[in-house]
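Biologist: I'd like to go through this model with you and ask how you back up each label. Could you show it to me before we start?

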Amino acid sequence: MKLFYTPGACSLSPHIVLRELDLPFELEAVDLRTKTTASGVDFTTINPKGYVPALQLDDGEVLTEGAAIVQYLADKHAPGTLAPAAGTVERARFNGHLNFISAELHKAFGPLFNPTLAPEAREAASANVGRKLDVVDKALSDGRPYLAGEGFTVADAYLFVVLSWTAHFGVDLARWPHLDAFRQRVVARTAVQAAMAAEGLSKAA
Ligand SMILES: N[C@@H](CCC(=O)N[C@@H](CS)C(=O)NCC(=O)O)C(=O)O
């Protein structure tokens, strides 16, 4: 398998999952401005949508969409471990978390990555991110260590990556104590440390 990634981007989520599962894989970086991979390939020939992550399987099949990729990896390589079993209420709740992180929280960060965003629009975007963080903080407020309960799942990997962006935009996680504690819990995981080191990210990222 080969994961097409950009350091610190949402592709860090499947990268963490590949390492949590101890699977053999290669990494290839993508320059998102030029849409060119490190080996000089036009990335849009691999993922016509032009964004990371993309996971190329050993038979050449390419999977896209981070939430789909991490569920595929969990279901195929550790059924019922990094994602609850399909068809259960637990899985439906877990899917709710994954969808919220992808469609609400991840997307809420989008405007903040635009360096030309007007100050008022930036303030509105930050407030919107804050409202989404309120929701996830509440989900962790019953003392559970991870979104689905006691065990780490692929939804936690994705949430961790999105939380890591807050530091770049001056959003202080101290306002969300459960999320802050969650981030510290997840960053300490061996697979997370290894993925971050491989992407050249510091522990604080
Ligand atoms: N819906 C996609 C969105 C992926 C996405 O937003 N990727 C960002 C990095 S976090 C990217 O590659 N942006 C560059 C672009 O869209 O041109 C997914 O969840 O995988």
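Modeller: Here is how the labels hold up, going from the two domains to single residues. Keep in mind that this is a predicted model.

Biologist: Fine. What is the protein chain divided into?

Modeller: The division gives domain 1 (2–80 + 192–198) and domain 2 (89–189). Their C-alpha centres lie 20 Å apart. Where they meet, 13 residues come from domain 1 and 12 residues from domain 2.

Biologist: Which elements give two or more residues to the side of domain 1 that touches domain 2?

Modeller: Those are α1, α2 and α7. The most comes from α2, with 5 residues. Sorted by class, that side of domain 1 has 8 nonpolar, 5 polar and no charged residues.

Biologist: Staying with α2, how do you know that its length fits a helix?

Modeller: Take 1.5 Å a residue, multiplied by one less than the number of residues. For the 12 residues of α2 the expected span is 16 Å, and the end C-alpha atoms are 16 Å apart, so the two agree.

Biologist: And which residues of α2 are buried?

Modeller: Gly66, Ala67, Ile69, Val70, Gln71, Leu73 and Ala74. These pack against α1, β4, β5 (62–64), α3 and α5.

Biologist: What makes you call α5 largely enclosed?

Modeller: A residue needs 20 or more other C-beta atoms within 10 Å to count as buried. In α5 (residues 154–164), 11 of the 11 residues are buried, so the helix is largely enclosed by the rest of the structure. The cover over those residues includes α1 (12–20), α2 (66–77), α3 (89–109), α4 (119–139), α6 (177–187) and α7 (190–198).

Biologist: What about the largest nonpolar core, which residues have the most contacts inside it?

Modeller: Val17, Val70, Val154, Ala155, Tyr158 and Leu159, in a core of 49 residues. Its largest share, 9 residues, comes from α5.

Biologist: Why do you say that this core lies between the domains?

Modeller: Because domain 1 and domain 2 both give residues to the core, it lies between them.

Biologist: You listed Leu159. What is it in contact with?

Modeller: Ile101, Val136 and Leu147, leaving aside neighbours within four places in sequence.

Biologist: Let's swap to Asp42: why is it called exposed?

Modeller: The cut-off for exposed is 12 or fewer other C-beta atoms within 10 Å. Asp42 has 11, so it is exposed. Asp42 sits in the loop between β3 (36–37) and β4 (54–56). Skipping residues up to four places away in sequence, Asp42 touches Lys35 and Thr36. Between the C-alpha atoms of Asp42 and Leu159 there are 29 Å, with the two 117 residues apart along the chain.

Biologist: And why is Ser126 called partly exposed?

Modeller: Partly exposed is the range between the two cut-offs, 12 or fewer and 20 or more. Ser126 has 17 other C-beta atoms within 10 Å, so it is partly exposed. Ser126 is in helix α4, and its contacts, leaving aside neighbours within four places in sequence, are Leu112, Phe169 and Val171.

Biologist: What makes the backbone at Asp22 and Lys35 worth a flag?

Modeller: Most residues other than glycine have a negative phi. Asp22 isn't a glycine, yet its phi is positive, about 60°. Lys35, also a residue other than glycine, has a positive phi near 55°. Asp22 is in the loop between α1 and β2 (26–31), while Lys35 is in the loop between β2 and β3.

Biologist: Are those two buried, partly exposed or exposed?

Modeller: With 9 C-beta neighbours inside 10 Å, Asp22 counts as exposed. Lys35 has 16 other C-beta atoms within 10 Å, so it is partly exposed.

Biologist: How do you know that the bond from Val52 to Pro53 is cis?

Modeller: By its omega, which is near 0°. Most peptide bonds are trans. Pro53 lies in the loop between β3 and β4.

Biologist: Last one: which residues surround the ligand?

Modeller: Val52 and Pro53 are among them, along with Ala9, Cys10, Leu32, Gly50, Tyr51, Glu65, Gly66, Ala67 and Ser102. By class, this shell has 7 nonpolar, 3 polar and 1 charged residues.

Methods:
Residues are numbered from 1 along each chain as its sequence is written. This is a predicted model: local features need pLDDT of at least 70, side-chain atom pairs count only at pLDDT 80 or more; totals for chains, interfaces and linings use all residues. Helices (H or I, at least four residues) and strands (E, at least two) are DSSP runs, numbered from the N terminus. Two residues are in contact if their C-beta atoms, placed from the backbone, lie within 7 Å. A nonpolar core is a set of buried Ala, Val, Leu, Ile, Met, Phe, Trp, Tyr and Cys residues joined through C-beta atoms within 7 Å. Domain bounds come from an automatic or database domain assignment. A residue is near a molecule or strand if its C-beta atom, placed from the backbone, lies within 6 Å of it. Ala, Val, Leu, Ile, Met, Phe, Trp, Tyr, Cys and Pro count as nonpolar, Asp, Glu, Lys and Arg as charged, and the others, Gly among them, as polar.
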